[in-house]
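Subject: Structure handover

Hello,

I am passing on the structure we spoke about, and my notes come after it. Please look through the model before reading on.

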Amino acid sequence: MHATHATAQRGSPKKRGRVMITTTAGTTVSVKGDRCGGNNSLADVSVNGSDVFQSITPDAALSQRVEKEQKAHPDWMPYFLSQHDDYITLKSRVCTHIATNASGSPEGIATIEIGVDALKVAEYLEPLLKKELK
């Protein structure tokens, strides 16, 4: 897939951004992200103007749990509480993988190769985005 053009919108200091890419086949993909500050973040993906994915973190249930835990532990950083379950899942999958002497990589865990590929995409997009942000 080759981008024929990309656009980006510079956001506020709260880390907000949008990237639109139109492929040579004419498909337009838009990815919007908003770090929102604090413990909140939002991501939207649309294809040819139709929303195909949205993620809001934390959801209502997690927000309630974090609020309760913050009251019990006011000196803890809130993101430790909101990311707790993800860290437990990560550690559990990696430790189980090692303990069972499994081959390959743990299920659902990004490998170094995936990380390198993600950086390659970022390096490809960086000059396009910088040009659009001027």
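What follows is a summary of what was found, going from the whole chain down to single residues.

Please keep in mind that this is a predicted model.

Overall layout

The chain contains four helices and five strands. In sequence order the elements read β-β-β-β-β-α-α-α-α, with the strands before the helices. Of its 134 residues, 14% count as buried. The chain exposes about 10,100 Å², and 58% of that area comes from carbon and sulfur atoms. As for contacts between residues at least 6 apart in sequence, 13% of them join residues at least 24 apart.

The strand pair β2 and β3

Strand β2 covers residues 16-23 and strand β3 covers residues 28-34. The two run antiparallel and are joined by seven bridges. Within this pair, Gly17 is placed opposite Gly33 of β3. The two strands make a hairpin, with four residues between them. One residue to look at in the turn is Gly26, which has a positive phi of about 95°.

Salt bridges

How many salt bridges does the structure hold? There are three.

One of them pairs Arg65 with Asp85, where the closest N and O atoms are 3.0 Å apart. Arg65 belongs to helix α1 (residues 60-72) and Asp85 to helix α3 (residues 84-99), so this salt bridge ties together parts that are 20 residues apart in sequence. Both partners are partly exposed: the relative accessible area is 36% for Arg65 and 37% for Asp85.

Another salt bridge is found in helix α1, between Lys71 and Glu67, at 3.6 Å from N to O. Because these two residues are four apart in the helix, about one helical turn separates them. Are the two partners buried, partly exposed or exposed? Lys71 is exposed, at 66% relative accessible area, whereas Glu67 is partly exposed, at 44%.

The remaining salt bridge joins the side chains of Glu126 and Lys130, with an N to O distance of 3.1 Å. This pair sits in helix α4 (residues 112-133), and again a spacing of four residues means that about one helical turn lies between the partners. Glu126 has a relative accessibility of 39% and counts as partly exposed.

Helix α3

Does the span of α3 agree or disagree with its number of residues? The helix has 16 residues, and at 1.5 Å a residue it should span 22 Å. The C-alpha atoms at its ends are 22 Å apart, so the two values agree. After α3 comes Asn101, which has a positive phi, near 55°.

A nonpolar surface patch

Which residues form a nonpolar patch on the surface? They are Met77, Tyr79 and Phe80, which together have about 300 Å² of accessible area. Met77 is located in the loop between α1 and α2 (78-82). Its relative accessible area is 42%, so Met77 is partly exposed.

To go through these points in the model, you could begin with the hairpin of β2 and β3, move on to the salt bridge between Arg65 and Asp85, and end at the patch that includes Met77.

Regards

Conventions
Residues are numbered from 1 along each chain as its sequence is written. This is a predicted model: local features need pLDDT of at least 70, side-chain atom pairs count only at pLDDT 80 or more; totals for chains, interfaces and linings use all residues. Side-chain values use heavy atoms; hydrogens and water are left out. A salt bridge is a side-chain nitrogen of Lys or Arg within 4 Å of a carboxyl oxygen of Asp or Glu. Buried means under 20% relative accessible area, exposed over 50%, partly exposed in between (1.4 Å probe, protein chains only). Two strands pair if DSSP finds at least two bridges between them. The expected span of a helix is 1.5 Å times one less than its number of residues. Patches are made of residues with over 30% relative accessible area and no salt bridge: like charges are joined within 9 Å, nonpolar side chains (Val, Leu, Ile, Met, Phe, Trp, Tyr) within 5 Å. Accessible areas come from the Shrake-Rupley method with a 1.4 Å probe; for residues, only the protein chains shown count as cover. Contact means heavy atoms within 4.5 Å.
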